[in-house]
Amino acid sequence: MPPVGKAPDRQHRGRHARPPSELAVRWSRLVAAVRASRRRRLAAAGAAAAAVAVLATAAPRTLTRGSAPDIGRAAGTGKGFA
């Protein structure tokens, strides 16, 4: 019987079902905490925006295999201007 104030699980797993893994339990708690806290939602949104920015910056360089022209090098010599 669940404690007072806590609703039972939406989907009953059954008597002989394997309990959820520790990873699944931690993930569920993390998601619930992010949904409940405005500060954590903002932090998660900031982290997601930073990840998108990194991918947007790295993708063109990866797709072109880093073949962007070298700034500060003389054309065709492989040596710097100095």
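**Reasoning from values to terms**

Tutor: In this predicted model, counting side-chain nitrogens of Lys or Arg within 4 Å of a carboxyl oxygen of Asp or Glu gives 1 salt bridge.

Student: What makes the meeting of the E22 and R26 side chains a salt bridge?

Tutor: The rule asks for a side-chain nitrogen of Lys or Arg within 4 Å of a carboxyl oxygen of Asp or Glu, and the side chains of E22 and R26 meet at 2.9 Å, N to O, so the pair satisfies the definition.

Student: Why are E22 and R26 separated by about one helical turn?

Tutor: Both residues belong to helix α1, which covers residues 22–36, and because they are 4 residues apart in that helix, about one turn separates them.

Student: How do you know whether E22 and R26 are buried or exposed?

Tutor: Exposed means over 50% relative accessible area; E22 has 56% and R26 has 55%, so both are called exposed.

Student: Is S37, in the loop between α1 and α2, buried or exposed, and what value decides the matter?

Tutor: Its relative accessible area is 19%, and S37 is therefore buried, given that buried means under 20%. The side chain of S37 also reaches the backbone nitrogen of R40, at 3.2 Å.

Student: Which word describes how α1 and α2 are oriented to each other, and why?

Tutor: Their axes come within 5 Å and cross at roughly 105 degrees; angles of 65 to 115 degrees count as roughly perpendicular, so α1 and α2 are described in that way.

Student: Which residues of α1 and α2 meet?

Tutor: From α1 come A33, V34, R35 and A36, which meet R38, R40, R41 and A44 of α2. By class, this contact has 4 nonpolar, no polar and 4 charged residues.

Student: Why is A44, a residue of helix α2, called partly exposed?

Tutor: The term covers values between the 20% and 50% limits, and A44, at 37% relative accessibility, therefore counts as partly exposed. The C-alpha atom of A44 is separated by 7.6 Å from that of V34, 10 residues apart along the chain.

How values were computed
Residues are numbered from 1 along each chain as its sequence is written. This is a predicted model: local features need pLDDT of at least 70, side-chain atom pairs count only at pLDDT 80 or more; totals for chains, interfaces and linings use all residues. Side-chain values use heavy atoms; hydrogens and water are left out. Helices (H or I, at least four residues) and strands (E, at least two) are DSSP runs, numbered from the N terminus. Buried means under 20% relative accessible area, exposed over 50%, partly exposed in between (1.4 Å probe, protein chains only). A polar contact is a pair of N or O atoms within 3.5 Å; within protein, one must be able to donate a hydrogen and the other to accept it, and residues adjacent in sequence count only if both atoms are side-chain atoms. Axes are lines fitted to C-alpha atoms, for helices over the stretch in contact, and angles run from 0 to 180 degrees between N-to-C directions. Angles under 35 degrees count as roughly parallel, over 145 as roughly antiparallel, 65 to 115 as roughly perpendicular and the rest as oblique. Contact means heavy atoms within 4.5 Å. Ala, Val, Leu, Ile, Met, Phe, Trp, Tyr, Cys and Pro count as nonpolar, Asp, Glu, Lys and Arg as charged, and the others, Gly among them, as polar.
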